[in-house]
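Got the model open in your viewer? Let's walk through it one selection at a time.

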Amino acid sequence: MTQDDDIKPLDTQPDLGRRKFLGTTALVGLSGAGLSLGLSACNKESVPAAAAPDASAGKSEHGKYEVPPGQLDEYYSFSSGGHSGEVRIYGLPSGRELKRIPVFNMDCLVGWGVTNESKAILGTKPNGTPKYTTGDTHHVHQTYADGTYDGKYMFVNDKIHGRLARVRMDTMECDRILELPNVQGFHGTFTDKRDPVDPKINHTTRVFCGAEFATPLPNDGRDMDDTSKYKSLFSCVDSDSMEMRWQVLIDGNCDLVATSYDGKLAATNQYNVENGIHYEDMMAAEMDACLFFNVARIEEAVKAGKVTTIGGSKVPVVDGTKAANQDPKTALTCYVPISKNPHGVNISPDGKYYACSGKLSPTASVIEHELVLKWFDGDLAKPRDAVVAEAEIGLGPLHTGFDNKGNAYTTLFLDSQIVKWNVEAAIKSFKGDKNVKVVVDRIDVHYQPGHGFTSMGETKESDGKYFISDNKFSKDRFLPVGPLHAETAQLIDISGDKMKLVADHSVYSEPHDSIIVRRDIIKTRQIYNLDDFPHAVKDAKESGVFRNGKKVTVKLTSQAPAFSLREFKVKKGDEVTIILTNLDKVEDLTHAMAIPKYDINFIVNPQQTQSVTFVADKPGVYWCYCTNFCHALHLEMRSRMIVEA
């Protein structure tokens with residue numbers, strides 16, 4: 001093949017229904033992976049794949065999904081940014097990108113990782129530089145009140161370094177980051193929906209975090225060659241204090257996390273109950289597990305002191321291994337066997353069922369919440385009896401969203417489809433009803449969908465309007481931009497009997513999970529409170545240069561179109577701290593300060609204070625200028641930093 005063979009005219013209409021890309025890409029990676037017999041046994045003829053859609057069909061309808069100039073979207077979509085380390089905000093149904101929230105990444109637009117305030121949140125090395133400059137965000141979830149989002153906080157994980165971050169929803173900025181002890185591969189996270197102990201507390205109090213990678217514990221050089229000693233931890237964090245509550249030692253690993261609406265259970269799917277180290281070992285067993293945690297019992301054990309600690313961590317750890325939890329009436333954990341290598345666990349909006357798909361099995365298992373509780377009471381013979389359905393839905397099922405009509409929507413990674421199936425019908429089929437129709441509809445997406453989610457679908461107010469398919473490949477969907485393609489978040493209308501693909505939204509690599517939140521829930525502030533900043537320069541008259549030996553503090557304000565100090569002098573070798581307060585009170589009137597050759601650039605929003613500290617090691621004149629357009633005289637908004645030799 002020559003280079004020209006791979007170049008197509010940009011006006012060529014793609015074949016929206018073709019399966020060629022699937023055959024040449026997706027299966028190659030799994031051809032030697034030892035797929036289970038269940039994969040090949042999927043009855044593809046039981047529900048035929050959707051026919052290739054007519055490219056001209058529905059053109060007249062697309063206008064109703066557009067958001068005209070001057071109008072607002074119905075929903076916010078909050079999405080993890082993957083290995084960019086950020087969180088992204090989109091409007092739906094428009095798909096317009098509204099903001100990128102720096103969390104675990106450095107960001108030169110706002111100065112995240114540059115200002116002293118952001119460094120205090122990120123954590124620093126002894127020399128003052130950020131402890132980590134990389135991150136891998138996977139899952140975003142908000143706090144709840146009465147079973148639905150309350151618009152207070154959003155949490156997102158960092159898989160690389162085992163960190164949990166909290167984002168304030170009123171400012172859409174990260175305010176706390178916690179590094180979990182003894183954890184690697186922190187993948188799944190979810191907030192609880194009400195307190196498991198106090199029935200009067202009907203809002204989020206905890207965040208649950210699952211470790212995907214088993215390691216020696218502690219991981220300090222011991223037991224590196226004895227893989228039987230490798231274990232994982234499931235962690236609980238206090239949502240308000242952002243401090244560790246407890247951890248649970250478990251067999252295998254954790255993938256995603258879900259929480260019940262009554263607060264009693266947290267769950268994580270596990271794809272490596274074999275405790276394998278190499279990938280072929282991770283697929284030896286025909287059944288993996290969905291692991292449930294009895295939160296109240298765990299906290300009783302912690303309170304009773306039935307805990308250990310690991311390494312230098314003081315976090316209480318309870319034993320949640322299978323061997324230690326054989327008696328259901330005292331068990332802290334319940335391992336429910338699930339079809340091979342499950343990926344994703346999601347709870348239905350009515351709180352009755354968990355859907356857990358077998359990635360290497362063509363099935364989605366349905367686990368009944370009350371039956372898991374029944375097992376913990378000693379009234380269910382075995383954990384597997386909590387499974388009430390195992391719907392055969394297609395190849396490579398991953399994540400599931402729900403509407404408000406009892407239907408589930410699961411991404412099929414290998415089939416490049418979204419499949420709509422009815423939960424109650426699946427239960428009837430599992431009981432032997434051969435006439436019930438489980439799969440309701442299928443639709444092609446382009447290509448290899450990973451996460452999928454419905455509007456308000458992870459709350460009791462799921463509205464059944466939209467489904468977003470976050471696809472891992474987008475070959476031929478957008479203008480080519482080199483080897484790294486844009487990815488697609490495809491908008492699907494699920495309000496009717498048939499799913500309709502209504503928009504391709506391009507997204508920068510590589511988004512993972514997202515949530516869709518009604519716009520009325522989110523209440524943001526437009527101007528900061530000056531009193532929230534202890535170092536605020538509240539009046540331009542307070543500006544000046546204040547020396548304490550070699551440490552110099554420069555206080556100044558910004559108010560369009562000028563800084564309060566026209567110039568300021570420091571000496572070579574001084575440790576300089578600049579404190580800048582934006583005194584403007586006009587919405588959207590943000591200022592900034594950049595200092596050439598000193599690697600400094602940060603913004604200050606209305607009534608906000610930010611600071612930076614650096615060593616003035618280069619003598620000369622350096623123009624401190626505003627980088628955020630703020631006024632007709634924006635280019636003239638400068639101050640001189642004079643560094644004397």
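Start by selecting Cys-254: at 0% relative accessibility it counts as buried (buried means under 20% relative accessible area, exposed over 50%, partly exposed in between, with a 1.4 Å probe and protein chains only). Before you click on, note that this is a predicted model, where local features need pLDDT of at least 70, side-chain atom pairs count only at pLDDT 80 or more, and totals for chains, interfaces and linings use all residues. Residues are numbered from 1 along each chain as its sequence is written, and side-chain values use heavy atoms, with hydrogens and water left out.

Now, how many disulfides does the structure hold? The count is 0, taking a disulfide as a pair of cysteine sulfur atoms within 2.5 Å. Show the sulfur of Cys-209 too: it is the nearest cysteine sulfur to Cys-254, 10 Å away.

Next, select Cys-356 and Cys-290. The sulfur of Cys-290 is the nearest one to Cys-356, at 4.2 Å, and Cys-356 is in no disulfide. Cys-356 is buried as well, because its relative accessibility is 0%.

Last stop: the sheet. Colour β26, β27, β28 and β29, which form an open antiparallel sheet in that order. Strands here are DSSP runs (E, at least two residues), numbered from the N terminus, and two of them pair if DSSP finds at least two bridges between them. At the edges sit β26 (449–454) and β29 (500–507), each pairing on one side only. Zoom in on β26 and β27 (residues 466–471): 4 bridges join them, antiparallel. Finish on Thr-454, with Phe-467 of β27 standing opposite.
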